[in-house]
Amino acid sequence: MSSLSICVKSLRRFPRTKLRRQKVLTCIVRCKMHAAMLDDEKITDFEAVQVESSSLAWLHKAAPAFPVDGSKVTIIHEPSEFYSTLLEKCKTAKTRITLASLYLGTGKLETELVKTIKQTVESNNGNVEVNILLDYMRGSRGKMNSKEILRPLLEGKYGHCCRVFLYHTPRLRGFLKALIPDRFNELIGLQHMKLYLFDDTLIISGANLSNDYFKNRQDRYFMLEDCKELCDFYCSLVEKVSEFSFQLESDGSTRFSDKISSHPFESPDEEFTEEASDRIRNLFQAEINKRSELYKAEIPRTDTWVFPLVQMGQLNIRHDSEITRRILERAPTGATLRLATGYFNLTTEFRTAILNSCRADCHLLTAHPEANGFFDAKGIAGGIPAAYTKIEESFFKMCEKMSQSDRIQLWEFAKPGWTYHAKGLWYSMPNEQKPSFTLIGSPNFGYRSVERDLETQIAVMTRNEKLQESLKKEYERLFDSAKPVTQRTFSQRDRVPPAWVRMVVLFFRYYF
């Protein structure tokens with residue numbers, strides 16, 4: 001697919017956005033430059049890298065490329081270890097703490113985390129800068145919410161060292177904002193990035209900052225140490241999103257940023273979207289240009305490359321989904337792809353890529369209904385696990401119809417007392433047992449991730465043997481708690497979705 005066709009495709013996918021001819025032309029020029037990152041042009045002298053992931057060499061033109069020492073990448077396995085690591089990194093931070101999550105819980109563990117951050121700022125005499133980015137609607141839900149838990153950071157002598165931002169989607173406005181209950185307004189779109197940054201250490205995950213994610217909700221967690229430039233980039237990304245978000249005040253009120261002229265739900269949708277997306281695109285393109293000039297000098301001594309990917313469909317930015325689709329489409333015979341998602345709802349593009357273009361063996365891991373976070377929930381939410389079962393069954397039947405069952409296998413994670421939230425991809429090249437490539441972050445391969453939420457993940461390409469072994473152990477631990485899906489799976493009485501759930505899937509599949 002050419003750069004221009006990618007550009008036109010991106011424009012067509014938002015028919016509701018009404019742009020004047022001049023704006024369209026401007027957008028085409030901008031998107032054409034952006035789409036050039038996905039050109040098929042070979043990268044000069046890249047053969048010198050000699051990594052197993054040579055078929056993914058085009059990533060150096062598609063995303064910022066950060067060289068990382070593979071021995072400084074640690075894969076965390078347990079939620080409790082994730083929490084203890086967060087606490088320890090908060091205690092030892094000397095210059096900066098940046099956190100981006102959907103929300104912060106209100107329990108004892110979350111309170112202790114906030115207390116630790118405050119103590120660190122005070123013990124360093126205000127020399128630690130704290131920035132926290134959450135979703136506005138999710139962070140404001142209920143009387144005791146994320147805003148209330150975080151208010152102590154904004155009080156006292158060093159309150160000015162801490163800033164809390166709340167992103168509000170431009171799509172929740174007017175009668176939708178007035179009518180949709182708090183529990184369901186997140187269907188419209190939200191801030192979903194999960195970044196936990198301390199000085200020059202980055203922890204990237206799909207996990208939120210709340211009790212279940214610290215105890216018995218299985219996710220993935222990568223810690224990258226001594227990666228200043230990568231941390232600088234992600235701090236800049238959070239800062240850019242903060243520029244078009246609300247800021248929390250010490251009295252619990254919020255005020256919208258004065259760094260942008262438009263408003264997420266008072267200004268016209270396209271006006272805010274254009275102004276906000278320009279800031280992200282400019283940051284990203286500047287970093288790509290900078291990295292393209294620097295990466296050749298790092299080739300001889302680098303065993304691992306990290307590529308940040310960003311998806312903000314509500315702002316017309318589809319970087320991550322285009323790259324993910326291309327990875328799936330180009331996986332060759334003999335390779336093995338292992339995909340994981342807590343919520344199985346592949347987009348049409350990803351489904352087509354796996355079924356029609358991909359030649360690799362594929363293992364898709366998702367949650368068993370009892371491991372779904374909505375299992376036994378009250379009201380309509382209680383039907384969500386059954387809805388995912390229906391979607392999963394449709395894909396299973398599609399594999400059978402297209403004679404792809406020998407190449408594609410579905411798995412369901414089930415561990416007593418646990419829920420499942422892990423997502424990402426492990427890629428083993430032809431004739432290789434260990435993965436040399438992975439995707440890790442917040443996207444779920446579904447419609448929400450692609451069209452509605454702010455997402456980010458990193459692509460990690462490595463020839464470090466210890467890191468490859470760690471990747472292998474990571475997916476083995478997850479699949480060890482999973483069982484293969486068969487036709488018999490969907491014939492069990494407790495797996496047959498009620499009629500109303502089937503109707504919900506038919507009409508609302510694109511919202512989850």
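**Close-up views of a predicted model**

**View 1. Ser403, an exposed residue with a positive phi.** In this predicted model, Ser403 has a relative accessibility of 65% and therefore counts as exposed, the cut-off being over 50%. The residue sits in the loop that runs between α14 (384–401) and β16 (408–413). Its phi is near 55 degrees, a positive value in a residue that is not glycine. Most residues other than glycine have a negative phi.

**View 2. Asp226, in the loop between β9 and α10.** Strand β9 covers residues 221–224. Asp226, which is not a glycine, has a positive phi of about 55 degrees. With 58% relative accessibility, Asp226 counts as exposed.

**View 3. The largest nonpolar core, with 102 residues.** Leu224, Tyr234 and Met312 have the most contacts inside this core. Helix α10 (residues 228–242) gives the most to the core, contributing eight residues. Because domain 1 (70–302) and domain 2 (318–511) both supply residues, the core lies between them.

**View 4. Surroundings of Met312 in the largest nonpolar core.** Neighbours within four places in sequence are left aside here. Met312 is then in contact with Met193, Leu237, Val241, Ile280, Ile317, Asp453 and Leu454.

**View 5. Another core, of 49 residues.** This core lies apart from the largest one. Its residues include Leu59, Leu328, Ile354 and Phe396.

**View 6. The span annotated in UniProt at residues 187–213.** The unreviewed UniProt entry places the feature "domain: PLD phosphodiesterase" here. The span is 11% helix and 33% strand, and its end C-alpha atoms lie 21 Å apart.

Definitions and conventions. Residues are numbered from 1 along each chain as its sequence is written. This is a predicted model: local features need pLDDT of at least 70, side-chain atom pairs count only at pLDDT 80 or more; totals for chains, interfaces and linings use all residues. Side-chain values use heavy atoms; hydrogens and water are left out. UniProt positions are given in the numbering used here, feature names are shortened, and annotations may be inferred rather than shown by experiment. Helices (H or I, at least four residues) and strands (E, at least two) are DSSP runs, numbered from the N terminus. A nonpolar core is a set of buried Ala, Val, Leu, Ile, Met, Phe, Trp, Tyr and Cys residues joined through side-chain atoms within 4.5 Å. Buried means under 20% relative accessible area, exposed over 50%, partly exposed in between (1.4 Å probe, protein chains only). Domain bounds come from an automatic or database domain assignment. Contact means heavy atoms within 4.5 Å.
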